[in-house]
Every structure is written in structure tokens, then in C-alpha cells.
Amino acid sequence: MGVLDRFERKLEGAVHGVFARAFKGDVQPVEIAARLQRELDAEAKLMSRTKKLVPNDFTVILSAHDYDRLVPYGKTLNAEIIPELKDHAKERGYVFNGPIRLNLEVDDSLPTGRFVVESQAVAAVDTDDRADTEMLQAANLVLEVNGMRHPLQPPGFTIGRGSDADLRINDPGISRRHAEIQVHANGLMRVVDLGSTNGIVVNGNRVREANVTDGTRIEIGSTRMLVHAPQGH
């Protein structure tokens with residue numbers, strides 16, 4: 001049984017066919033899995049006689065329609081696709097040099113049913129230089145939203161329901177431009193309310209702005225977000 005056959009069966013069992021019903025005619029999760037597998041094969045770089053380096057950071061760029069439909073299933077997509085990529089890599093002698101990250105982005109110019117994959121090999125950072133610890137920790141942090149991880153890198157990004165927001169979330173309780181995550185080169189990060197209707201809640205407290213660190217929980221509308229450093233690869 002091939003990796004995609006295994007993936008398709010596991011995915012169907014995990015969500016009881018909900019993908020098939022929800023995405024009929026749209027981008028199918030198994031299509032994304034197949035495209036990511038091909039990305040590994042196409043981008044494999046020879047390291048030694050038996051090992052090849054492959055990308056570990058993937059961005060799937062979708063139409064607005066497909067993005068809005070797939071985002072609520074982000075946690076399931078990560079849980080099912082990433083282990084299958086690891087299995088495929090093991091079978092082919094591929095090596096990842098950092099944690100596997102799978103992110104979704106929206107491109108309003110893409111038609112429904114079409115998507116683009118961008119990938120890169122991102123090295124895991126390991127250093128004993130204490131002076132750089134805070135900056136390095138910040139560089140490794142992500143904002144997890146509905147199971148999808150968004151790297152926290154300078155200068156940051158805006159969050160909202162509108163098409164002009166960098167991170168677009170389909171939640172009626174979220175304003176078109178709701179909040180901004182500011183990421184500075186020195187490692188300092190803040191979340192700032194952009195004058196939204198419903199405000200922001202950070203670690204249980206309603207605020208206009210607040211510092212962001214590993215473990216910070218952010219709520220806007222009915223959407224909960226977590227800042228953290230992904231473990232393992």
C-alpha cells in the first residue's frame with residue numbers, strides 16, 4: 001500500500017468522510033498530501049551516498065474559497081499529513097534538518113480548486129550563546145491558529161477577516177483588520193488591537209495591547225491562538 005493510499009484511508013477514518021462532503025469540487029486534502037510528497041522528491045538534495053536533504057517548511061497557497069474551507073480542519077491536516085511525509089522520507093532515505101511545518105496562506109488571485117506549494121529547508125537552531133537566547137527563541141516561535149502554524153518573524157503580520165489582512169480568519173466575531181502581531185529584530189513581540197469591534201483577550205485578560213512570549217494565549221472573536229515553539233521533527 002502506497003503512502004497516499006495509507007494517508008487517504010487514515011484521513012477518512014479520522015474524520016468519517018467529512019472532507020469528501022465539505023470539499024466536493026474544491027481542493028482535496030489528499031491532493032495537498034500528494035503535492036507535498038512530490039515536493040520532497042523534486043527538491044531532494046544529495047548529502048551522502050544514501051541520504052538526501054529535503055524541505056521541512058511548506059506553505060500551501062490557496063484561493064480564498066479553499067482557504068476558508070480548509071482552515072477549520074488545520075489540526076487534522078497537520079496530524080495526518082506530517083506523519084505520512086515522515087514515512088515517505090524514511091522509505092526514500094530523505095533527511096529533514098528541522099521540524100516539519102505546514103502553513104496555509106491565501107491568494108485572492110487563485111481560482112477555486114487551484115493551489116501552489118512553496119517549500120524550503122529550514123535548519124533547527126542550536127547554540128550555547130546565552131546573549132542570543134531570547135532572539136533565537138523568538139525566531140523559533142509560531143502562532144498556532146486552528147492547528148496551523150504561522151512563523152513569528154519580523155516585522156510580524158496583521159490578523160483579520162478581510163482580504164487585506166495578512167492572516168485571514170473566517171470568524172464573524174473578527175473585524176476585517178482586527179489585530180497585529182508585531183515582531184521586532186531584538187526578539188520583542190507584541191499583539192496590538194487595531195480598533196476592532198470585539199477586542200482581544202490575552203491570557204484571559206481583555207487588553208488593547210500586550211507582550212507576546214512562549215505560551216501566550218490570544219483570543220479574538222471565537223478563535224483561540226497559542227504562541228509556542230514546536231517540538232520535534
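Ser-63 touches a run of residues well away from its own place in sequence: setting aside neighbours within four positions, its contacts are Val-106, Asp-107, Leu-110, Pro-111, Thr-112, Gly-113 and Arg-114. This is a predicted model, so read every value here as computed from it. Ser-63 sits in the loop that joins strand 3 (57-62) to helix 4 (64-70). Is Ser-63 buried or exposed? With a relative accessibility of 1%, Ser-63 counts as buried.

Now for the chain as a whole. You'll find six helices and 17 strands in it. Of its 233 residues, 44% are buried. The chain exposes about 12200 Å², and carbon and sulfur atoms supply 46% of that. If you take the contacts with a separation of 6 or more, 60% of them are between residues 24 or more positions apart.

Helix 5 is worth a look on its own. It covers residues 74-92, which makes 19 residues, and it reaches 27 Å from its first C-alpha to its last. That is close to the 27 Å expected at 1.5 Å a residue. Which residues of helix 5 are buried? They are Gly-74, Leu-77, Asn-78, Glu-80, Ile-81, Ile-82, Glu-84, Leu-85, His-88 and Ala-89. As background, an α-helix has 3.6 residues a turn, so residues three or four places apart point the same way. Right after helix 5 comes Gly-93, with a positive phi near 75°.

Next, the charged pairs. How many salt bridges does the structure hold? There are seven, and the table gives some of them, including the distance between N and O atoms.

| Lys or Arg | Asp or Glu | N to O distance |
|---|---|---|
| Arg-35 | Glu-39 | 2.7 Å |
| Lys-45 | Glu-43 | 3.4 Å |
| Arg-190 | Glu-209 | 2.7 Å |

Start with Arg-35 and Glu-39, whose side chains meet in a salt bridge. Both belong to helix 3 (residues 29-43), and because they are four residues apart there, about one helical turn separates them. Their surroundings can be read from the accessibilities: Arg-35 is partly exposed at 23%, whereas Glu-39 is buried at 7%.

The salt bridge of Glu-43 with Lys-45 has its closest N and O atoms 3.4 Å apart. Glu-43 is partly exposed, with a relative accessibility of 30%. Lys-45 is partly exposed too, at 47%.

Arg-190 and Glu-209 also meet through their side chains, 2.7 Å from N to O. This pair links distant parts of the chain, with Arg-190 in strand 12 (residues 189-193) and Glu-209 in strand 15 (residues 209-211), 19 residues apart. Glu-209 has a relative accessible area of 43%, so it counts as partly exposed.

Strand 12 also brings us to Leu-188, which lies in the loop between strand 11 (179-183) and strand 12. At 35% relative accessibility, Leu-188 is partly exposed. What does Leu-188 contact, apart from neighbours within four places in sequence? The answer is Gln-182, Val-183 and Asn-211. Take Asn-211: 23 residues separate it from Leu-188 in sequence, yet the two C-alpha atoms are 7.6 Å apart in space.

Conventions. Residues numbered from 1 in each chain as written. Predicted model: local features only at pLDDT ≥ 70, side-chain atom pairs only at ≥ 80, totals over all residues. Heavy atoms only, no water. Helix = DSSP H or I, 4+ residues; strand = E, 2+ residues; numbered from the N terminus. Expected span 1.5 Å × (residues − 1). Buried < 20%, exposed > 50% of the residue type's maximum accessible area, 1.4 Å probe, protein only. Salt bridge = Lys/Arg side-chain N within 4 Å of Asp/Glu carboxyl O. Contact = heavy atoms within 4.5 Å. Areas by Shrake-Rupley, 256 points an atom, 1.4 Å probe, with all protein chains shown as cover.
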